[in-house]
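Reader: I should be grateful for a close look at the charged side chains of this model. Please treat the salt bridges in particular, and place each one in its structural context.

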Amino acid sequence: MKVTDVVKNKHNDKYSVFIDGDFAFSLAMGDIMFFKLEQGNDVSEKTYEYIKNEVMLIKAKNRAAAFLGASKKTEKAVYDKLSESGYPEDICEKVIEELKSYGYINDLDYALSYIEDRLKVNPRGVYGLKMELRQKGVKDSVIEKAIDMTEIDESIYIKQLMIKKRYDLQDMDEKEKKKLYDFLLRRGFSYGIIKDTIKNFDDI
């Protein structure tokens, strides 16, 4: 095997190493110098496997650990961060699986925490919560499970928002009511529940 190119990455301080014309891995210049990966140099199978299965894996784990920090992250967020840092797909997947096995990545826990925080601070309807979690890369099956495990009475949250925003149904004309409906629909509440809540506002 021969190093055919070494290219500086645009988005980080690493260099992409190409072996026999194909991308092999992304490394810091110090590693490139240590393993003598200059363009035109030969690379043994043993060195190649060691870099990919030992050096890259350790660095990817450290990168993922630093990214996780003290806050929860989704599996997709960690994968994307590693991929952006230049780690190949198989290394990303290995790191993800190991972190999941130790409980450092758990999309169900993430979804439950996200829903709880959202409902406390900035309520959304079930549809809105599902859309936001989906955008964060959480699988639909995990989202559905998290929703089922959480007690969500949309009417209560609709009323809270109306009180917070100081909506006065008695003084609202049809145009203002439409604005209220649109506001709540954008928050992911279902039309039917919005309608029933507004109709029976004083009884909730």
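Author: The following account takes up the salt bridges one by one and then turns to a charged patch and a hairpin.

The model is a predicted one. Across the whole structure, a search yields 13 salt bridges. One of them joins D42 to K2, with the closest N and O atoms 2.9 Å apart. This pair links distant parts of the chain, the two residues being 40 residues apart. D42 belongs to the loop between α1 (29-34) and α2 (45-68), while K2 lies in the segment before β1 (3-8). As for solvent access, D42 counts as exposed because its relative accessibility is 60%, and the cut-off for that class is over 50%. K2, by contrast, has a relative accessibility of 35% and therefore counts as partly exposed.

A second salt bridge is found within a single helix. D80 pairs with K76, and their closest N and O atoms are 2.6 Å apart. Both residues lie in helix α3 (residues 75-84), with a spacing of four residues, or about one turn of the helix. D80 is partly exposed, its relative accessible area being 26%. K76 is also partly exposed, with a value of 39%. Both values fall in the class between under 20%, which is buried, and over 50%, which is exposed.

A third salt bridge connects K130 with E144, where the closest N and O atoms are 3.0 Å apart. Here, too, distant parts of the chain are linked: K130 sits in helix α6 (residues 126-135) and E144 in helix α7 (residues 140-148), 14 residues apart. E144 counts as partly exposed because its relative accessibility is 34%.

Beyond these pairs, salt bridges also form a network, which links E75, E97 and K100.

Charge also gathers on the surface in another way. D168, D171, D173, E174 and E176 make up a patch of negative charge there. Of these residues, E176 is located in helix α9 (residues 174-186). Its relative accessibility of 35% is the reason why E176 counts as partly exposed.

Finally, the hairpin gives some context from the strands. Strand β2 (residues 15-19) and strand β3 (residues 22-27) run antiparallel and are joined by five bridges. Within this pairing, V17 has F25 in β3 as its bridge partner. Two residues separate β2 from β3 in the hairpin, and D20, a residue of the turn, has a positive phi of about 55 degrees.

Conventions:
Residues are numbered from 1 along each chain as its sequence is written. This is a predicted model: local features need pLDDT of at least 70, side-chain atom pairs count only at pLDDT 80 or more; totals for chains, interfaces and linings use all residues. Side-chain values use heavy atoms; hydrogens and water are left out. Two strands pair if DSSP finds at least two bridges between them. Patches are made of residues with over 30% relative accessible area and no salt bridge: like charges are joined within 9 Å, nonpolar side chains (Val, Leu, Ile, Met, Phe, Trp, Tyr) within 5 Å. Accessible areas come from the Shrake-Rupley method with a 1.4 Å probe; for residues, only the protein chains shown count as cover. A salt bridge is a side-chain nitrogen of Lys or Arg within 4 Å of a carboxyl oxygen of Asp or Glu. Lys and Arg count as positive and Asp and Glu as negative; His and the chain ends are not counted. The place of a charge is taken as NZ of Lys, CZ of Arg, CG of Asp or CD of Glu. Buried means under 20% relative accessible area, exposed over 50%, partly exposed in between (1.4 Å probe, protein chains only).
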